[in-house]
Amino acid sequence: MSRPSAAAVSRAHFAHSRSPSGNGATLGLSRVAPEPRQRGILMTRSTILTTRRLRVRHWLSADVDPYDEYCNTDEVMEYLDGPSTKREIRREVAWYQKHQAQHGHTFWVVERKRDRALLGFCGIIRVWERQSPLHGELEIGWRIRADKWRHGYAFEAASAVIDWAEWQLPDEVVYARIHQDNAASHGLARKLGMRRARAMEARRGAEERSLRMFRLRL
Ligand SMILES: CC(C)(COP(=O)(O)OP(=O)(O)OC[C@H]1O[C@@H](n2cnc3c(N)ncnc32)[C@H](O)[C@@H]1OP(=O)(O)O)[C@@H](O)C(=O)NCCC(=O)NCCS
């Protein structure tokens with residue numbers, strides 16, 4: 001199955017992320033049923049985009065526990081330095097929320113529509129590490145809980161995220177940084193149409209030596 005083109009994606013796909021009042025709120029930042037403030041960040045329940053089976057949405061405080069339980073496992077974290085502590089998970093979620101507030105996009109929650117099960121995350125961030133040759137570039141990321149692997153969820157979510165980026169961040173290049181042994185992510189990147197970015201790899205430092213870099217021109 002090939003990734004649907006941007007043209008094939010209906011604007012209705014992103015309808016949830018428009019302001020309900022139609023007052024031109026920025027896509028991805030619409031505010032619906034605000035949750036109480038926690039750790040200084042106003043969290044909102046709002047959807048960035050939807051696909052046939054999935055909802056891609058903002059993080060909520062209630063996501064920390066299921067994310068920790070299902071995604072912070074040895075299997076999922078095999079190529080990501082292993083599981084984190086609960087405290088690190090809270091910091092990670094807060095970081096994603098802060099990135100959303102600053103840039104209008106982040107690694108968003110991926111939830112299954114039919115039962116609202118949290119499957120993982122997928123989204124786009126700006127590479128923040130100054131030592132990386134990708135510093136300041138867009139990076140796509142994905143993580144799906146292991147008991148839901150091989151159902152096509154990552155591809156479905158990442159395809160929609162790329163379509164979102166084509167619409168919202170045109171003229172940019174999207175990169176992925178993937179551990180050299182992470183065959184599943186290499187396969188996913190290639191299925192999405194990404195190709196090795198050897199020029200970038202040639203410029204990376206020792207700390208990124210085990211990573212393969214992929215790129216997709218929007
Ligand atoms: C990578 C990951 C997100 C894939 O999730 P998924 O929902 O199982 O992926 P999909 O079912 O959508 O598969 C899409 C494509 O990915 C590739 N793929 C997925 N799992 C694979 C595996 N075990 N081996 C080889 N290729 C695999 C295939 O190309 C597949 O397409 P196909 O079904 O037509 O063969 C999942 O394995 C994961 O969360 N891994 C741990 C987190 C991680 O490593 N994140 C990346 C950090 S850079």
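Which residue takes a positive phi near 60° in the hairpin of strand 3 and strand 4? Arg116 does. That hairpin has 5 residues between its strands. Keep that in mind, and let me walk you through the rest. One caution: this is a predicted model.

Start with the overall plan. The protein chain has 5 helices and 8 strands. Along the sequence, the pattern reads β-β-α-α-β-β-β-α-β-α-β-α-β. The chain has 218 residues, and buried ones make up 32% of them. Now take contacts between residues at least 6 apart in sequence. Of these, 58% join residues at least 24 apart.

Next, the sheet. A reminder first: strands of a sheet pair through backbone hydrogen bonds, and the pairing is either parallel or antiparallel. Here we have an open sheet of 8 strands with mixed pairing. The order is 1-2-3-4-5-6-8-7. Strand 1, residues 47-50, and strand 7, residues 195-196, are the edge strands. Each of them pairs on one side only.

Let's step in from strand 1. Strand 1 pairs with strand 2 in the antiparallel sense, over 3 bridges. Look for Thr50: its bridge partner in strand 2 is Arg55. Strand 2 covers residues 54-57, and 4 bridges join it to strand 3, again antiparallel. On that side, Val56 stands opposite Val110 in strand 3.

Strand 3 also pairs with strand 4, residues 118-126. That pairing is antiparallel, over 5 bridges. Find Val109, and its bridge partner in strand 4 is Phe121. This is the hairpin we opened with, the one with Arg116.

So how enclosed is strand 3, residues 107-112? 5 of its 6 residues are buried, so strand 3 is largely enclosed by the rest of the structure.

Now helix 3, which runs from 153 to 168. Does its length make sense? We can check what span to expect. At 1.5 Å a residue, its 16 residues should span 22 Å, and the end C-alpha atoms are 22 Å apart, so the two agree. Helix 3 is mostly covered, with 12 of its 16 residues buried. Among them are Tyr153, Ala154, Ala157, Ala158, Val161 and Trp164.

On to the core. In soluble globular proteins, nonpolar side chains tend to be buried together. In this model, the largest nonpolar core has 45 residues. Those with the most contacts inside it are Val56, Val110, Cys122, Ala157, Ala158 and Val161. You have met Val56 and Val110 already, as the pair standing opposite each other. Which element gives the most to this core? Helix 3 does, with 9 residues.

Zoom in on Ala158. Leaving out residues up to four places away in sequence, Ala158 touches Cys122, Ile140, Trp142, Leu188 and Leu192.

Last stop, the ligand. How many residues surround it? The count is 21, and the closest are Trp149, Ala154, Phe155, Ala184 and Gly187. The elements that give two or more residues to this shell are strand 5, helix 3 and helix 4. Helix 4, residues 183-191, gives the most, with 6 residues. By class, the shell has 13 nonpolar, 5 polar and 3 charged residues.

One thing to take away about helix 3: it gives the most residues to the largest core, and it also gives two or more to the shell around the ligand. Ala154 is buried in helix 3, and Ala154 is also one of the residues closest to the ligand.

Technical notes: Residues are numbered from 1 along each chain as its sequence is written. This is a predicted model: local features need pLDDT of at least 70, side-chain atom pairs count only at pLDDT 80 or more; totals for chains, interfaces and linings use all residues. A residue is near a molecule or strand if its C-beta atom, placed from the backbone, lies within 6 Å of it. Helices (H or I, at least four residues) and strands (E, at least two) are DSSP runs, numbered from the N terminus. Ala, Val, Leu, Ile, Met, Phe, Trp, Tyr, Cys and Pro count as nonpolar, Asp, Glu, Lys and Arg as charged, and the others, Gly among them, as polar. The expected span of a helix is 1.5 Å times one less than its number of residues. A residue is buried if 20 or more other C-beta atoms lie within 10 Å of its own, exposed if 12 or fewer, and partly exposed in between; C-beta atoms are placed from the backbone. Two strands pair if DSSP finds at least two bridges between them. A nonpolar core is a set of buried Ala, Val, Leu, Ile, Met, Phe, Trp, Tyr and Cys residues joined through C-beta atoms within 7 Å. Two residues are in contact if their C-beta atoms, placed from the backbone, lie within 7 Å.
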